[in-house]
Amino acid sequence: MTNKCAVITGITGQDGAYLAQLLLDKGYKVVGVVRRSSHFGVATHRLDWLKIADRVELVDGDLLDLGGLSRIIREHQPDEVYNLAAQSFVKTSWAQPSLTAQATGVGVVNMLEAVRAEAPDARFYQASSSEMYGLIQEAEQSEATPFYPRSPYAVAKLMGHWMTVNYRESFGMFACSGILFNHESPLRGLEFVTRKVTDAAARIHLGLADELAMGNIDAKRDWGHARDYVRAMWMMLQHDTPDDYVVATGRTVTVRDMVNVAFSHVGLDPEKYLRIDPQFFRPAEVDVLLGNPDKARRVLGWEATTTMEDMIREMVDADIARHNTVR
Ligand code: NDP
Ligand code: GDP
């Protein structure tokens, strides 16, 4: 057990919730930064689902507000800071490019500045993304693969990534950038493709829906489980030296194959329900992502433990249980 303190931005999101659970289990004091909402209580639904909402300390803060972030870091003097907050949905980034650049890009600079000024010895984790590889320059993407971002989201993430590297090299900060490939769970947002599919499979199975409208089902992703991936974040900050790591499973599958896993789990034929709808296509697509996690395995001893199939089945079961409780 430890008596360390960690500050997590994005604690109300999927990864923030799982990371908070992991750190609480290790004895950390967890301080979560939450942006103000008029909907009291809604923000903590993922923490509630994990039954940890009353074990974390939530403080008001926004990535766009350097003054507030600085006060939080000054007051809590964390040992570790995990910057998970972002406008994180790729499709929305074309509708709100400026907001995405601010939150997902400049927000990282604000966090780095707050830590540099108020707790320069704190260890810093930045949530970077495989979307930075975009139009892939190598069949398997590693830490050495050149980036080619294909969305305002990916461009903003690239800024955050290089700022993290730059603060490490310029100021000697213990700053790590985790280049995480897609990771999912029952706590994934409903707008992302896996959860959209598992929720639809659950609703069709229960007679609550009769179709699923989707975009490009030929896209391929390297999907892992969020529970495994937050463990990699923590492991990066426990290592002797700060560095950047790809976190992935090393296997890529099509959206179509993932849909088949979800629907066959409840005995349904997806062909009967699937409808292709142009509104779900993107102005520019990332056709395929496949990560090479060798460095994380070799240096950190990290490995993914959950297959895409097991994860999707867990998500379908969780969605069925959710719909059953509200009926
Ligand atoms: P979510 O979308 O589930 O969570 C995003 C979090 O950011 C929420 O807590 C949200 O708060 C918060 N947030 C958004 N804008 C602000 C802001 N201006 N100030 C403070 N908080 C803000 O994302 P995930 O948990 O899935 O991902 C965590 C991080 O990892 C993100 O940065 C994402 O881009 C990145 N990432 C995720 C991958 C994945 O596959 N999941 C892959 C690679 C990178 P609120 O609840 O108020 O909306
Ligand atoms: P991303 O990789 O961060 O963009 O994660 P998403 O889960 O949003 O999308 C993964 C892939 O699924 C992308 O290539 C999308 O174009 C594709 N996709 C196909 N249909 C859909 C859909 O209906 N919704 C979403 N979100 N993605 C879809």
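Ala, Val, Leu, Ile, Met, Phe, Trp, Tyr, Cys and Pro count here as nonpolar, Asp, Glu, Lys and Arg as charged, and the others, Gly among them, as polar. This is a predicted model, in which local features need pLDDT of at least 70, side-chain atom pairs count only at pLDDT 80 or more, and totals for chains, interfaces and linings use all residues. Residues are numbered from 1 along each chain as its sequence is written, and ligands are numbered from 1 in the order in which they are written.

**Exercise 1.** Determine which residues are closest to ligand 2 and how the shell divides by class.

*Solution.* Step 1: a residue belongs to the surroundings if one of its heavy atoms lies within 4 Å of the ligand. Step 2: 18 residues surround ligand 2, the closest being Glu 131, Lys 196, Arg 221, Arg 282 and Glu 285. Step 3: the shell divides into nine nonpolar, three polar and six charged residues.

**Exercise 2.** Identify the distances from oxygen atoms of ligand 2 to N or O atoms in the side chains of Arg 221 and Glu 285.

*Solution.* Step 1: for Arg 221, the distance is 2.8 Å. Step 2: for Glu 285, the distance is 2.6 Å.

**Exercise 3.** Establish which residue classes line the largest cavity, and where it lies.

*Solution.* Step 1: the lining includes Val 90, Trp 94, Arg 150 and Ser 151. Step 2: by class, the lining has four nonpolar, one polar and five charged residues. Step 3: domain 1 (5-184 + 225-247) and domain 2 (193-221 + 252-289 + 306-326), with bounds from an automatic or database domain assignment, both contribute lining residues, so the largest cavity lies between them. A cavity is a set of points, on a 1 Å grid over the protein atoms alone, where a 1.4 Å probe fits but cannot get out, and lining residues have an atom within 4 Å of a point.

Key:
Heavy atoms only, no water. Polar contact = N/O pair within 3.5 Å; in protein donor to acceptor, adjacent residues only side chain to side chain. 1 Å grid on protein atoms, 1.4 Å probe; cavity = no way out; pocket = protein on both sides within 12 Å on 5 of 7 lines; lining within 4 Å.
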